[in-house]
Amino acid sequence: MSSNKLVVIGQGYVGLPVAMRAVATGWHVIGVEVDADRAARLAAGDSYVEDVPSAELAGALASGRYEPTVDYARAEGFDVAVVSVPTPLREGAPDLSYIVDAAERLAPLIRLGATVILESTTYPGTTEELFGPLLTAGSGLRPGVDFHLGYSPERIDPGNRTWNLVNTPKVVSGTGPRSLAAVTAFYDSLVERTVAVGSTRTAELTKLLENTFRHVNIALVNELAMFAHELGVDVWEAIDAASTKPFGYLRFTPGPGAGGHCLPIDPSYLSWRVRRSLGRSFRFVELANDINDHMPDHVVRRVTEMLNARHRSVAGSRILLLGLAYKANTGDAREAPATRVAGLLADLGAELRAADPHVDPTRLPARLMLVDPTPAELAAADLVVVLVDHDAFDRDAVARHARLVLDTRRWLPGPHDARRPAAAGAPTPDPAGHAGTSRAWVPAQSPRREGVALAVESL
Ligand SMILES: NC(=O)c1ccc[n+]([C@@H]2O[C@H](COP(=O)([O-])OP(=O)(O)OC[C@H]3O[C@@H](n4cnc5c(N)ncnc54)[C@H](O)[C@@H]3O)[C@@H](O)[C@H]2O)c1
């Protein structure tokens, strides 16, 4: 590669870490970002991506080898281009408009021998049927002949402290052997290990397989959790026990629903493609969507039951939600089930408060009152719902001050009540004056406030 000029189109959760890693390995990087506010923040050394500290961004800028810009013309003469723009769903169907836009703007800048790689998650066939032809139309150059074209799925897991861009194997593909060699050589300069597959379609499918696998397995344990609760069995204990099997089992845990940018969206790209091309339904995906989409309703039903067992209604009860992000230790609230749980409880008339140290408050629904989970807030809540197990939350404070907790993540230690409340038997009075069948639990290390018992149920 002649001058090591890389352009990364889209400076988001995926594109910015790629750009930073490339700067660290000696590339000259142009980060093209259509959102002018984002580009300006980047230029000022202010990172909005949690996995990229502002200090790292500032270092990249100071090196003189990273230039964030809204101007595609700055990509002129590039050696390699990586496209990492959003691929959302619109009315249930893939929205590839961002890929189309990026391809149309990039195409006139491609020169002979350059390499263009799509990283956005999408259905099998996108690179060869849509992305490549758009690049050819705008450049007059043929993929695999005049320029190299490939697809490499991103496996970034925001907030994961063990697996990152560098040590996670990177699946790579190209349209033909020369493209594959160029794409592999590029990623070999960034990551520890590349895994070549025979076609861009296989690479596209690999990403969707990975996320569909997770989506389906989460749906499995979610549905199991609902049935186990009704049967009076502790599903979490069963999952812990099953997880001791050293082969043939992978641990997934229940939760209030599948959120984030990938799981609620990517499997639908696959099922859309299957339906569009084959006229058949991908039943696993549809079932998993159905189960995971309804988990927030299940959480609200459990909240209603828990309050009902204490002769209270949701309407007028003070409910504190812990966590609004889609998963632990991230501020990303896209598609987060907490948003739906909050909306349903607000509709029922709950006096709702929520705490999340990571999520940007300006991105939250207006009806939600954000608070700090102080002892006073915890004690004042009729019910605390743990939706996200952020490390920043204080377990001891919850255990010490809350009265009634629905723990959807089995975050609190100690015994949880697996039994069905209310209808299963006569209500049991507790020292707080409520009634229910939940066990009172006093953690050893954090003595309860005097005279107030804690009742915890898990999903
Ligand atoms: N976030 C993840 O954890 C993750 C993981 C694996 C794969 N992916 C996939 O990677 C892709 C990007 O996801 P993301 O999370 O980085 O999205 P993002 O929204 O964080 O970032 C995308 C960026 O692209 C910019 N953009 C949109 N159109 C553009 C254009 N034509 N030219 C230049 N910039 C443009 C947007 O303004 C945005 O800043 C998606 O296909 C996603 O499914 C995401």
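**Exercises on a ligand shell, a sheet and a helix pair**

In this predicted model, 26 residues surround the ligand, and the closest are Gly10, Gly12, Tyr13, Val14 and Ser120.

**Exercise 1.** Determine which helix gives the most to the shell around the ligand, and describe the shell by residue class.

*Solution.* Begin with the helices: helix 4, which spans residues 97–106, gives the most to the shell, with three residues. Then sort the shell by class, which yields 12 nonpolar, nine polar and five charged residues.

**Exercise 2.** Work out the strand order of the open sheet, and find where helix 4 packs on the sheet.

*Solution.* The open sheet has eight strands in the order 3-2-1-4-7-8-9-10, and the pairing is mixed. Its edges are strand 3 (66–69) and strand 10 (194–196), each of which pairs on one side only. From one strand to the next, the twist averages 25 degrees. Helix 4 packs on this sheet by touching strand 1 (5–9), strand 4 (80–83) and strand 7 (115–118), and its direction makes about 160 degrees with that of strand 4.

**Exercise 3.** Decide how helix 4 and helix 5 are oriented to each other, and list the residues that make their contact.

*Solution.* Helix 4 and helix 5 (residues 126–139) pack at an angle of about 30 degrees, with their axes 8 Å apart. Angles under 35 degrees count as roughly parallel, and the two helices are therefore roughly parallel to each other. Their crossing is right-handed. Helix 4 contributes Ile99, Val100, Ala103, Glu104 and Leu106 to the contact, while helix 5 contributes Leu130, Phe131, Leu134, Leu135 and Gly138. By class, this contact has eight nonpolar, one polar and one charged residues.

Technical notes. Residues numbered from 1 in each chain as written. Predicted model: local features only at pLDDT ≥ 70, side-chain atom pairs only at ≥ 80, totals over all residues. Near = placed C-beta within 6 Å. Helix = DSSP H or I, 4+ residues; strand = E, 2+ residues; numbered from the N terminus. Nonpolar A, V, L, I, M, F, W, Y, C, P; charged D, E, K, R; others polar. Pairing = 2+ DSSP bridges. Axes fitted to C-alpha atoms, helices over the stretch in contact; angles between N-to-C directions. Contact = placed C-beta atoms within 7 Å. Parallel < 35°, antiparallel > 145°, perpendicular 65-115°, else oblique. Left-handed = near helix turned anticlockwise from the far one by under 90°.
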